[in-house]
Amino acid sequence: MSNRKKVWFEDAGRKLDPGLVEQLRNSRKVTNQETNNNEIPIIVYLRKNCEQGKKDDLLKVCNVDSHNKLGRELHSINAIKGHLTPDRIKQIKDHEAVDRIFYDRIVTSFLDIASEQTGAAKVREQLGLTGKGVTMAIIDTGIYPHEDLTNPANRIIAFQDFINGESDPYDDNGHGTHCAGDAAGNGSASNGKYTGPAPEASIIGIKVLDEQGSGRLSTIIEGLEWCIDHKEVHNIQIISLSLGAPAYESFRDDPLSLAAQAAWHEGIVVVAAAGNSGPSPATISTPAIDPFIITVGSTDDQNTLERADDVIAEYSSRGPTIDTLVKPDVYAPGTNIISLLASGSAIESELPEMVIDESYIQLSGTSMATPICAGIIALMLEANPNLSPNDIKSILKATSHPTLDDVWGYIEAESATRMAKNYQISAPSEAL
């Protein structure tokens, strides 16, 4: 039996999340000291109903030098982001204002016949729906002003850059642009060949991932909060999240899940990629673990219009979630999807063999399936703008085809949109 005395961070209980404990352990191995000047990005959950005076004292204790900075509030989860040294983390873990401290983890970014495969093309032909009047936010690596989004009219109605602070739309990685096209490309540069489900929907680009497709939990949370704060100004109805990180905590504690859930409760439909860690079970990423939001898995349609040969993509993450909940909620095509190319982006130089007709690129992943689902939701909201996020989720699951060997089925745009159009929302009875 070992008599080794526990280091302070190993004996902190729930005050420190497991990811932060691991970072502190690694930091100690490097320096062979319990405390050092290594800066660790963190998110500090504040105690419920924390008094302003205690919060001010916490900030005073933390903001002492260049190695320790705490200040940017994440109001949707009652937290503050920053970076602290191990010594400072040790000092504040029992502070009266602190509930818990999280490691600000790294988050990463995870078309052709897809519109016909899902039935979205039939919706346009038979119901005349194109997503017009519906706004979706793509929280990702940014958006390149591709012809399929700007011609004949510019549908990129807003752009917010949390990485480099630029004001004009751009995408140095290329992933976000592909996702925007998966949802809402109009095929302008391909004579309509490569078209997303909602070719007249409005798009907002929120850049939270860098040129390498990487970012921090807190930055994605800031992107979600921006959407909540600007919901009315831009009529934001859908958020598409083709990104994620491994889930180590219950959705009840996970910062990114809680922020996505906050957007959902504000009336915004949040769609998130299940992740690309399949086929192993229990590999659903965050924020896709959240039971409220819509989690999308990916299929491989074998490049045919028939559904009989479609299968769940090998890479698509499987449930259950860390809380043993059933996920994904629905599946959409995500394999070998041709969509918009961001000129001069990292993806263009890394995957030159995937570039098609100079304006498009072929990619695979739950990252592609997610915005395709978001585009179909735009059609549903155009058909019936009064639907709540819960209505949308219920309709998608009720109309999905149980053709896959999983609990939930394959998204079916025509059935979902027809049900959305005819969906009756019960109004509260008037008082007599």
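Student: What makes helix 7 count as mostly covered?

Tutor: In this predicted model, 10 of the 10 residues of helix 7 are buried. Buried is the term for a relative accessible area under 20%. The residues concerned include His175, His178, Cys179 and Asp182. Cys179 illustrates the point: its relative accessible area is 0%, which is under 20%, so Cys179 is buried.

Student: Which strands does helix 7 lie across, and at what angle does helix 7 run to strand 16?

Tutor: Helix 7 lies across strand 16 and strand 18. The angle to strand 16 is about 105 degrees.

Student: What makes strand 16 and strand 17 edge strands?

Tutor: Strands 16, 18 and 17 form an open sheet in the order 16-18-17, with antiparallel pairing. Strand 16 (337-340) and strand 17 (355-356) each pair on one side only, and they are therefore the edge strands.

Student: How do you know that strand 16 and strand 18 pair?

Tutor: Pairing requires at least two bridges between the strands. Four bridges join strand 16 to strand 18 (residues 360-363), so the requirement is met. Within this antiparallel arrangement, Ile337 stands opposite Leu363.

Student: Returning to Cys179, how do you know that this residue is in no disulfide?

Tutor: The nearest cysteine sulfur, that of Cys373, is 13 Å away. A disulfide would need the two sulfur atoms within 2.5 Å, so Cys179 does not qualify. For Cys373, the nearest cysteine sulfur is that of Cys179, again at 13 Å. Cys373 is in no disulfide either, and the structure holds zero disulfides. With a relative accessible area of 0%, Cys373 is buried.

Student: Why is the pair of Phe159 and Tyr170 called edge-to-face?

Tutor: Two values settle the matter. The ring centres are 5.8 Å apart, which lies within the 6.5 Å limit, so the rings form an aromatic pair. The planes stand at 65 degrees, which is over 60, and the pair is therefore edge-to-face. The structure holds four aromatic pairs, of which this is one.

Student: Which parts does that pair tie together?

Tutor: Phe159 lies in strand 7 (residues 156-161), whereas Tyr170 is in the loop between strand 7 and helix 7 (175-184), so the pair ties together parts that are 11 residues apart in sequence.

Student: Are Phe159 and Tyr170 buried or exposed?

Tutor: Phe159 has 10% relative accessibility and counts as buried. Tyr170, at 18%, also falls under the 20% cut-off and therefore counts as buried.

Student: What makes the side chains of strand 5 an alternating set?

Tutor: In strand 5 (residues 106-109), Val107 and Ser109 point to one face and are buried. Ile106 and Thr108 point to the other face and are not buried. In a regular strand, side chains alternate between the two faces of the sheet.

Student: How do you know that strand 5 pairs with strand 9 and with strand 11?

Tutor: Three bridges join strand 5 to strand 9 (residues 214-216), and two bridges join strand 5 to strand 11 (residues 243-244). The requirement is at least two, so strand 5 pairs with both. Both pairings are antiparallel. Ile106 stands opposite Arg216 in strand 9, while Thr108 has Gly244 as its bridge partner in strand 11.

Student: What makes the approach of Arg105 to Asp17 a polar contact?

Tutor: The two side chains come to 2.5 Å, which is within the 3.5 Å limit, so the distance condition is satisfied. Arg105 is placed in the loop between strand 4 (98-103) and strand 5, and is buried with a relative accessible area of 6%. Beyond its neighbours within four places in sequence, its contacts include Gly19, Arg216 and Tyr248.

Student: Why does Val21 count as buried?

Tutor: Val21, in helix 1 (residues 18-31), has 12% relative accessibility, which is under 20%, so Val21 counts as buried. Leaving aside neighbours within four places in sequence, Val21 is in contact with Phe9 and Leu16. The C-alpha atoms of Val21 and Asp11 are separated by 9.7 Å, and these residues are 10 apart along the chain.

Conventions
Residues are numbered from 1 along each chain as its sequence is written. This is a predicted model: local features need pLDDT of at least 70, side-chain atom pairs count only at pLDDT 80 or more; totals for chains, interfaces and linings use all residues. Side-chain values use heavy atoms; hydrogens and water are left out. Rings of Phe, Tyr and Trp (its six-membered ring) pair if their centres lie within 6.5 Å; planes under 30 degrees apart count as stacked, over 60 as edge-to-face and the rest as tilted. Buried means under 20% relative accessible area, exposed over 50%, partly exposed in between (1.4 Å probe, protein chains only). Contact means heavy atoms within 4.5 Å. A polar contact is a pair of N or O atoms within 3.5 Å; within protein, one must be able to donate a hydrogen and the other to accept it, and residues adjacent in sequence count only if both atoms are side-chain atoms. Axes are lines fitted to C-alpha atoms, for helices over the stretch in contact, and angles run from 0 to 180 degrees between N-to-C directions.
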